[in-house]
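Got the viewer open and a selection box ready? Here is a walk through one chain, stop by stop, with something to click at each.

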Amino acid sequence: MNAGQVTPGSSCAIWGLGGVGMCVVMGCRDSGAAKIIGLDVNSSKFQLAKEFGCTDVLNPKEVNVPEKLAEMTGGGPDFCFVSVGLIPVMEQAFNSSHPAWGKTVIIGLSDIGDTMKAGIWELIYGRKLVGTSYGGYKTRIGIPKLVDKVLSGQIQLEKLITHRLPLEKINEGFLMLTTGESLRSIIDFDLKA
């Protein structure tokens with residue numbers, strides 16, 4: 001909502017449907033996007049993505065992503081969001097965005113010092129590339145507003161939690177995140193246990 005500034009009626013594509021990606025889906029939905037396309041290599045996430053607001057879902061292993069997105073959106077999505085920390089995925093999103101005005105927002109972290117290719121001609125002729133940390137929220141102002149949205153039910157965090165583990169199983173929880181066993185990439189650690 002902050003970094004992307006999605007406009008009503010626009011098309012959006014979100015790479016990675018873990019906890020962060022699902023929140024991006026909700027932000028696009030709440031901003032009035034007409035087409036919200038979720039992309040993930042784990043198709044078991046698709047049903048929840050549709051519940052959160054995806055109009056379409058794609059598995060990148062099954063389609064040529066840039067071609068399919070161009071076909072679905074009339075040239076490429078207006079907004080692309082990448083919650084995956086893989087350079088090739090970031091480059092794919094940038095190159096999939098609409099060539100005249102597409103905006104790609106990088107959210108996922110890669111290793112310090114990593115770089116990605118973004119063509120100069122693509123940037124000159126209209127594509128935009130931005131990064132964001134914490135969704136561009138200013139903590140003193142934005143976090144209380146997000147808490148209010150959670151308390152009012154506008155943001156459904158409970159649906160994002162796949163497992164509840166005691167703190168002493170933190171290593172097991174991280175393993176679940178990296179292997180994909182935790183479908184939505186959020187585990188709630190019970191600090192009382």
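What follows is a tour of a predicted model, going from the chain ends to the cores, then to charges, cysteines and a surface patch.

**Stop 1: the chain ends**

Select N2, which sits in the segment before β1. Now pick K138 as well: the two are 136 residues apart along the chain, yet their C-alpha atoms are separated by 9.9 Å. Show the surroundings of N2 and, leaving out residues up to four places away in sequence, you'll find it touching G135, G136 and Y137. N2 counts as partly exposed, at 30% relative accessibility.

Stay in that segment before β1 and click on Q5. What is the sign of phi at Q5? It is positive, about 50 degrees, although Q5 is not a glycine. As background, most residues other than glycine have a negative phi. Q5 is exposed, with a relative accessibility of 52%.

**Stop 2: the largest nonpolar core**

Hide the surface and head inside. Nonpolar side chains tend to be buried together in soluble globular proteins. Here the largest nonpolar core has 22 residues, and the members that touch the most others are I14, C28 and F81. To see where this core comes from, colour β1, α1 (19-30), α2 (46-52) and β4, the elements that give it two or more residues. The largest share is from α1, with five residues.

Center on I14 next. Setting aside neighbours within four places in sequence, its contacts are G21, V24, V25, C28, I36, I37, G38, L39 and F81. Apart from this core lies another, of 15 residues; select L69, M72, I87 and M90, which are among them.

**Stop 3: helix α4**

I87 and M90 lead on to helix α4, residues 87-96, where both are buried, along with V89, A93, F94 and S96. What covers these buried residues? Turn on β1 (11-15), α3 (65-73), β4 (79-82), β5 (103-106), α5 (120-124) and β6 (128-131): the cover includes each of these elements.

**Stop 4: charged pairs**

How many salt bridges does the structure hold? There are five, and three of them are worth a click.

- Start with D56 and K35, whose closest N and O atoms are 3.1 Å apart. This pair links distant parts of the chain, with D56 in strand β3 (residues 56-58) and K35 in strand β2 (residues 35-39), 21 residues apart. K35 is partly exposed, at 26% relative accessibility.
- Move to D40 and K45, a salt bridge with 3.5 Å between the closest N and O atoms. Are these two residues buried or exposed? Both are buried.
- Finish with E71 and K68, where the closest N and O atoms are 3.3 Å apart. Both lie in helix α3, three residues apart, which is about one turn of the helix. An α-helix has 3.6 residues a turn, so residues three or four places apart point the same way. E71 counts as exposed at 59% relative accessibility, while K68 is partly exposed with a relative accessible area of 29%.

**Stop 5: the cysteines**

Show the cysteine sulfurs. How many disulfides does the structure hold? Zero. To check why, draw a distance from the sulfur of C23 to that of C28, its closest cysteine sulfur: 11 Å, too far for a bond. A disulfide needs the two sulfur atoms to be within 2.5 Å. Then do likewise from C54, whose closest cysteine sulfur is also in C28: this gap is 8.4 Å, again too far for a bond.

The surroundings can be compared too: C23 is partly exposed, with a relative accessible area of 33%, whereas C54 is buried, at 7% relative accessibility. C28 may look familiar from the largest nonpolar core, where it is one of the residues that touch the most other members.

**Stop 6: a nonpolar patch outside**

Bring the surface back and select I120, W121, L123, I124, Y125 and L129. Together they make a nonpolar surface patch of about 680 Å². Which element gives the largest share of this patch? That is α5, with four residues. End on W121, which lies in helix α5 and counts as exposed, at 59% relative accessibility. Helix α5 has come up before, among the elements covering the buried residues of α4.

How values were computed:
Residues are numbered from 1 along each chain as its sequence is written. This is a predicted model: local features need pLDDT of at least 70, side-chain atom pairs count only at pLDDT 80 or more; totals for chains, interfaces and linings use all residues. Side-chain values use heavy atoms; hydrogens and water are left out. Buried means under 20% relative accessible area, exposed over 50%, partly exposed in between (1.4 Å probe, protein chains only). Contact means heavy atoms within 4.5 Å. Patches are made of residues with over 30% relative accessible area and no salt bridge: like charges are joined within 9 Å, nonpolar side chains (Val, Leu, Ile, Met, Phe, Trp, Tyr) within 5 Å. Accessible areas come from the Shrake-Rupley method with a 1.4 Å probe; for residues, only the protein chains shown count as cover. A salt bridge is a side-chain nitrogen of Lys or Arg within 4 Å of a carboxyl oxygen of Asp or Glu. A nonpolar core is a set of buried Ala, Val, Leu, Ile, Met, Phe, Trp, Tyr and Cys residues joined through side-chain atoms within 4.5 Å.
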